[in-house]
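Here is a guided reading of one protein chain, moving from its overall build to a few individual residues. Keep the structure in view and look for each part as it is named.

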Amino acid sequence: MIEPRDPYEPIPVEGELPEEEVELFGSYRALIPISVEGERCPVPEGTSVLRALQYAELKHELVKMDWRRYCWNDTDGCCEMEYRIAGEERVRIGLACRLAVRARLEIVRLPKGGRRCR
Ligand code: FES
């Protein structure tokens, strides 16, 4: 019997990435599936959640963020969001610009100024 694939398993990325993508997201070699308000979305490993949301907007059109709202450097809490780790009950509050993308991340509530598009 074939084991079902873990929906949170990283997806390897092969080949060269476009230069503009490397500038924004780094030279990632895997996409990490996260959940954004209930919708699964693979995002580059090694990025902050805020940067991953940029990827989700540009590549998947999953979210629309008001990018003018965010300072990008943890100065005024403007990117506060709610998240949990899949399988845990506890919902946590964190800053999307500080929190790193990780396996089993579920964004329960996007930062203010963000909304899911589908
Ligand atoms: S982007 Fe301003 S605190 Fe995170």
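Glu37 is a good place to begin, and this residue sits in the loop between β2 (30-36) and β3 (39-44). The model in front of you is a predicted one, and the values quoted below are computed from it. In this model Glu37 has a positive phi of about 45° although it is not a glycine. Most residues other than glycine have a negative phi, which is a reason to pause at such a place. Is Glu37 buried, partly exposed or exposed? Its relative accessibility is 31%, so Glu37 counts as partly exposed, since that class lies between the limit of under 20% for buried and the limit of over 50% for exposed.

Asp74 can be read in a similar way, for its phi is near 60°, a positive value in a residue other than glycine. Asp74 lies in the loop between β4 (63-65) and β5 (80-85), and because its relative accessibility is 33%, Asp74 counts as partly exposed. A further positive phi, of about 50°, belongs to Glu61, which comes just after α2.

With these loops located, step back to the chain as a whole. The protein chain contains two helices and eight strands, and along the sequence they follow the pattern β-α-β-β-α-β-β-β-β-β. The radius of gyration is 14 Å, close to the 13 Å that the globule rule gives for 118 residues, so the protein chain is as compact as a globular protein of that length. Along its principal axes, the C-alpha trace spans about 50 × 40 × 25 Å. Of the contacts between residues at least 6 apart in sequence, 51% join residues at least 24 apart.

Turning to the surface, the protein chain exposes about 7,100 Å², of which carbon and sulfur atoms supply 47%. There are 19 positive and 22 negative side chains, and the centres of these two sets lie 6 Å apart.

What lies inside? Buried residues make up 40% of the 118 residues in the protein chain. The largest nonpolar core has 33 residues, among which Ile34, Val36, Val49 and Ile107 touch the most other members. At least two residues of this core come from each of β2, β3, α2 (49-60), β4, β5 and β7 (105-109), and α2 gives the most, with six residues.

The helix α2 therefore deserves a closer look, as the element that gives the most to this core. Its buried residues are Val49, Leu50, Ala52, Leu53, Gln54, Tyr55, Ala56 and Glu57, and what covers the buried residues of α2 includes α1 (19-25), β2, β3, β4, β5 and β7. Ile107, one of the core residues named above, touches Val49 and Leu53, and its other contacts beyond four places in sequence include Ile34, Val36, Met81 and Tyr83.

A last residue to find is Cys79, which lies in the loop between β4 and β5. Cys79 has a relative accessible area of 2%, and so it is buried, because buried means under 20%. Leaving aside neighbours within four places in sequence, Cys79 is in contact with Leu50, Tyr70, Gly94, Leu95, Ala96, Cys97 and Pro111. Cys79 and Arg90, by contrast, are eleven residues apart in sequence and 20 Å apart in space, C-alpha to C-alpha.

Key: Residues numbered from 1 in each chain as written. Predicted model: local features only at pLDDT ≥ 70, side-chain atom pairs only at ≥ 80, totals over all residues. Heavy atoms only, no water. Helix = DSSP H or I, 4+ residues; strand = E, 2+ residues; numbered from the N terminus. Rg over C-alpha atoms; globule rule 2.2 N^0.38 Å. Buried < 20%, exposed > 50% of the residue type's maximum accessible area, 1.4 Å probe, protein only. Contact = heavy atoms within 4.5 Å. Areas by Shrake-Rupley, 256 points an atom, 1.4 Å probe, with all protein chains shown as cover. Lys, Arg positive; Asp, Glu negative; His and termini not counted. Charge placed at Lys NZ, Arg CZ, Asp CG, Glu CD. Core = buried A, V, L, I, M, F, W, Y, C linked by side-chain atoms within 4.5 Å.
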